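User: I would like to go through this model and ask, for each label, what justifies it. Please set each value against its cut-off before concluding.

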Amino acid sequence: GGFILCRLFKKDLPLTSHRIGSFMSEETSLDKRVWGRSGVTELDLTGPPESFFEEEENEKQILLPPLGMVFDTEAFETASNSSRQTISEIEFIEVEASQRGPEVLQVEEIQQEAISTLKPQGVFDVEAVKMPESSGQMKFQIADKEKEPEADRPQEAQQFLMQVSLRLTEPPKDGDWENANEIYLMDNELSVLPENPRCPKLSALFLQRNYKLRLIPPSFFDYMPALQTLNLSGTNIKSLPNSIIRLVSLKRLFLNDCHCFMVLSPKIGELKQLEVLSLEGTEIMDLPLDIKKLTNLTCLEVSFCEFQSNCRQALQLNAVVPCGVISVLSQLEELSIDVDPGDERWDACVEDIVNEVCTLKSLYSLKFYFQRVELLSHNQWNIPSLLYFRFTVGRHVKRIMSGVPRDVEFELERWDRCLKYINGVDVPRDIKKVLQHATAFFLDRHATVKKLSNFGIQNMEKLKCLVMGECSEVQVIIDEADGYEEDDSDEMVSESYGTEKIVLGSLEYMYVYYMESLRSMWEGPGPLQPESLFCLKSLTLCTCPQLTTIFTPGLLANLCNLEELKVDDCPSIKSIVSHDITAEHKISYFLPELKKISLHYMPELVSISNGLHIAPKLEWLSFCACPNLKNPLVGEVSSQCLKKIKGETSWWEALEWSNGRPGYLDEIFVPIDIWDC
């Protein structure tokens with residue numbers, strides 16, 4: 001019983017920094033391919049030691065140990081005559097623990113060596129850890145130092161106390177706090193903290209997602225002079241105690257998603273070393289004027305609660321962001337301001353804030369709400385200098401229920417430069433200028449535009465994600481003829497565009513919903529350039545009652561990378577492939593990478609592809625409320641790679657087969673559930 005102490009003895013191993021995202025700050029930034037939503041969830045120890053490390057550009061990266069594992073790293077050396085770095089030995093030593101936590105991670109044999117269980121508690125000792133200054137996310141970097149005689153360089157191991165996801169209701173003992181350099185207590189059920197812990201060495205404290213934590217003791221921070229990183233995200237605290245001013249070394253403070261946090265004390269201005277302040281998802285009404293004292297701030301992320309009309313009298317003297325604060329924070333590199341679109345206080349001060357934001361010379365990331373398009377025309381805006389932006393443009397009312405599914409919102413958030421244009425009229429020049437730099441575009445409830453291509457095909461060359469919804473006048477997504485028109489208002493047009501006329505050549509994801517006048521996806525005078533829509537991987541069409549044409553044979557030929565097609569509640573479609581099919585088309589396979597087709601609530605649908613052979617790699621089919629659909633597995637789609645077919649049992653039983661239904665298809669057929677439709 002107990003926990004595992006891991007010692008890494010190495011002769012030659014440079015350890016480069018590994019970005020661990022929300023494990024330190026916020027769960028929404030996690031790389032979910034490696035990390036679980038609540039921290040590290042798995043460490044694969046079933047292979048050889050070399051498999052614990054990922055090689056990237058001739059460097060080795062270490063994944064952090066999981067969930068409270070005790071890790072002691074020492075004796076890092078550098079061999080001057082070696083050009084390739086290897087791990088010479090990994091030794092695991094089992095150590096008895098007096099306090100045991102529940103098992104959370106099972107470990108299998110490593111090359112015939114039995115290691116039974118890792119216990120999620122203990123001390124994580126690292127000899128040489130550097131935490132580079134970073135905004136929003138932090139990096140662990142274990143330095144590869146030159147070997148020096150021990151007499152010349154005394155060593156003191158750092159201790160990391162890790163008790164993660166154990167459902168702890170009581171904090172660790174005071175003695176554990178006193179000796180720790182870093183403490184990880186996230187994802188527990190702590191409701192209390194020590195009254196006055198002595199932590200002279202503590203540099204980082206992670207308490208995020210202890211949802212039962214509602215109060216921090218008044219003297220809690222009195223003896224933490226070395227604390228640089230404090231994460232209280234996802235707790236239910238309402239404010240910070242006055243002892244926060246004792247954190248003279250604090251550089252990073254995370255309060256994300258503290259939904260009960262309502263007041264940011266003016267004492268925050270005393271934290272002169274602060275570089276990162278994240279208040280996204282809080283309920284604060286405004287920023288205190290003392291924020292302007294934080295002149296070292298490089299990242300400011302803030303959300304303001306919804307404006308309440310019955311609070312008008314109390315709030316009328318308080319600007320959401322006091323005048324002059326943003327311009328004083330001249331070191332800002334990342335700025336995110338999230339406000340309720342109906343807040344009149346924002347409307348009153350937004351123009352001044354725009355002017356101040358334009359003075360920030362180091363800014364490379366900006367999230368901002370512009371009620372009026374005219375605010376984009378500020379002559380000092382330098383959109384190309386922003387590596388990341390998330391602009392919402394257009395006056396609107398916050399909806400109780402969004403018409404956009406959560407997975408679509410997540411897709412929009414995935415891209416670096418996103419433009420949302422809401423309740424627009426016409427096609428403003430300033431919108432087209434921003435669109436030239438956007439990788440994601442959300443056109444929501446536009447009142448007058450009839451075609452997406454009215455925004456200028458040449459302005460959408462960088463688009464990778466497109467979402468359109470509730471644009472009642474839109475009849476066609478792309479009219480290729482629009483691309484040939486001159487547009488004097490556009491300042492930046494690709495040099496290749498005029499000759500090649502490539503349309504949406506970078507687009508990977510398209511989601512179109514609630515378009516009552518949409519009749520066709522594509523119209524054009526001639527054949528498409530081969531690169532047009534070539535990168536498209538996912539296409540979804542929902543509730544388009546007038547839509548009759550999705551694909552033409554010419555358009556199909558370009559969609560070589562389409563992997564997923566969803567069509568839902570489009571009652572006028574008879575086939576997803578329209579127009580005449582030639583003999584040449586009938587002997588070719590189209591949509592070679594398509595793996596998933598979902599067709600729901602399409603009463604007029606007779607065939608999938610109008611006799612064309614499509615999707616030789618198809619794995620997943622789903623049908624619902626398509627009563628007239630003939631058997632798609634005879635002459636249209638291949639069944640060789642199919643893994644699942646979903647549909648109504650009555651429809652499946654009524655399908656006609658030329659030589660009887662193959663038995664293996666019954667094995668992969670699953671009756672559709674109402675929640676799938």
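**Labels and their grounds**

Analyst: The protein chain exposes about 31,000 Å², and carbon and sulfur atoms supply 47% of that area. This is a predicted model, and its secondary structure comes to 11 helices and 36 strands. Of the 677 residues, 52% count as buried, and among contacts with a separation of 6 or more, 65% are accounted for by residues 24 or more positions apart.

User: Why is T540 called buried?

Analyst: The relative accessible area of T540 is 7%, and buried means under 20%, so T540 is placed in the buried class. T540 is found in strand β29, residues 538-542, and, with residues up to four places away in sequence not counted, T540 touches M510, Y511, V512 and K566.

User: What makes S336 a buried residue, and which residues is S336 in contact with?

Analyst: S336 has 6% relative accessibility, and the limit for buried is under 20%, so the label applies to S336. S336 has its place in strand β20, residues 334-338. Leaving aside neighbours within four places in sequence, the contacts of S336 are E280, L300, E301, V302 and K367.

User: How do you know that the side chains of S336 and E280 are joined by a polar contact?

Analyst: The side chains of S336 and E280 are joined at 3.0 Å, whereas the cut-off for such a pair of N or O atoms is within 3.5 Å, so the distance satisfies the criterion and the pair counts as a polar contact.

User: What sets S165 and R445 apart in accessibility, and what is noted about the phi of each?

Analyst: S165 has a positive phi of about 55° although it is not a glycine, and R445 also has a positive phi of about 55° without being a glycine. S165 is at 25% relative accessibility, and partly exposed covers values between the 20% limit for buried and the 50% limit for exposed, so S165 counts as partly exposed. R445, at 18%, falls under the 20% limit, so R445 counts as buried. S165 has its place in the loop between β13 (158-162) and α1 (174-179), while R445 lies in the loop between β24 (440-444) and β25 (465-469).

User: Why is the span of helix α4 described as close to the expected one, and where does α4 bend?

Analyst: Helix α4, residues 344-357, has 14 residues and reaches 20 Å from its first C-alpha to its last, close to the 20 Å expected at 1.5 Å a residue. α4 nevertheless bends by about 50° at V350, and V350 is also one of the buried residues of this helix, which include R345, W346 and C349. Further along α4, I353, V354, E356 and V357 are buried too.

User: What makes strand β22 largely enclosed by the rest of the structure?

Analyst: In strand β22, residues 388-393, 5 of the 6 residues are buried, so the strand is largely enclosed by the rest of the structure.

User: How do you know that β22 pairs with β21 and with β23?

Analyst: At least two bridges are needed for a pair. Strand β21, residues 365-370, and β22 share 6 bridges in the parallel sense, so they meet that criterion; here S365 stands opposite Y388 in β22. β22 and strand β23, residues 417-422, pair in the parallel sense over 5 bridges, so that pairing also meets the criterion, with R390 opposite C418 in β23.

User: Why is S658 called exposed and I608 buried?

Analyst: S658 is at 65% relative accessibility, and exposed means over 50%, so S658 counts as exposed. S658 is placed in the loop between α10 (649-654) and α11 (663-668); S658 and V634 are 24 residues apart in sequence and 8.1 Å apart in space, C-alpha to C-alpha. I608 is at 0%, under the 20% limit, so I608 counts as buried. I608 is found in the loop between β32 (596-600) and β33 (613-614), and, leaving aside neighbours within four places in sequence, I608 is in contact with residues including I576, L599, F623, P632 and V637. I608 and S578 are 30 residues apart in sequence and 9.9 Å apart in space, C-alpha to C-alpha.

Notes: Residues are numbered from 1 along each chain as its sequence is written. This is a predicted model: local features need pLDDT of at least 70, side-chain atom pairs count only at pLDDT 80 or more; totals for chains, interfaces and linings use all residues. Side-chain values use heavy atoms; hydrogens and water are left out. Helices (H or I, at least four residues) and strands (E, at least two) are DSSP runs, numbered from the N terminus. Buried means under 20% relative accessible area, exposed over 50%, partly exposed in between (1.4 Å probe, protein chains only). Contact means heavy atoms within 4.5 Å. A polar contact is a pair of N or O atoms within 3.5 Å; within protein, one must be able to donate a hydrogen and the other to accept it, and residues adjacent in sequence count only if both atoms are side-chain atoms. The expected span of a helix is 1.5 Å times one less than its number of residues. The bend at a residue is the angle between axes fitted to the seven residues ending there and the seven starting there. Accessible areas come from the Shrake-Rupley method with a 1.4 Å probe; for residues, only the protein chains shown count as cover.
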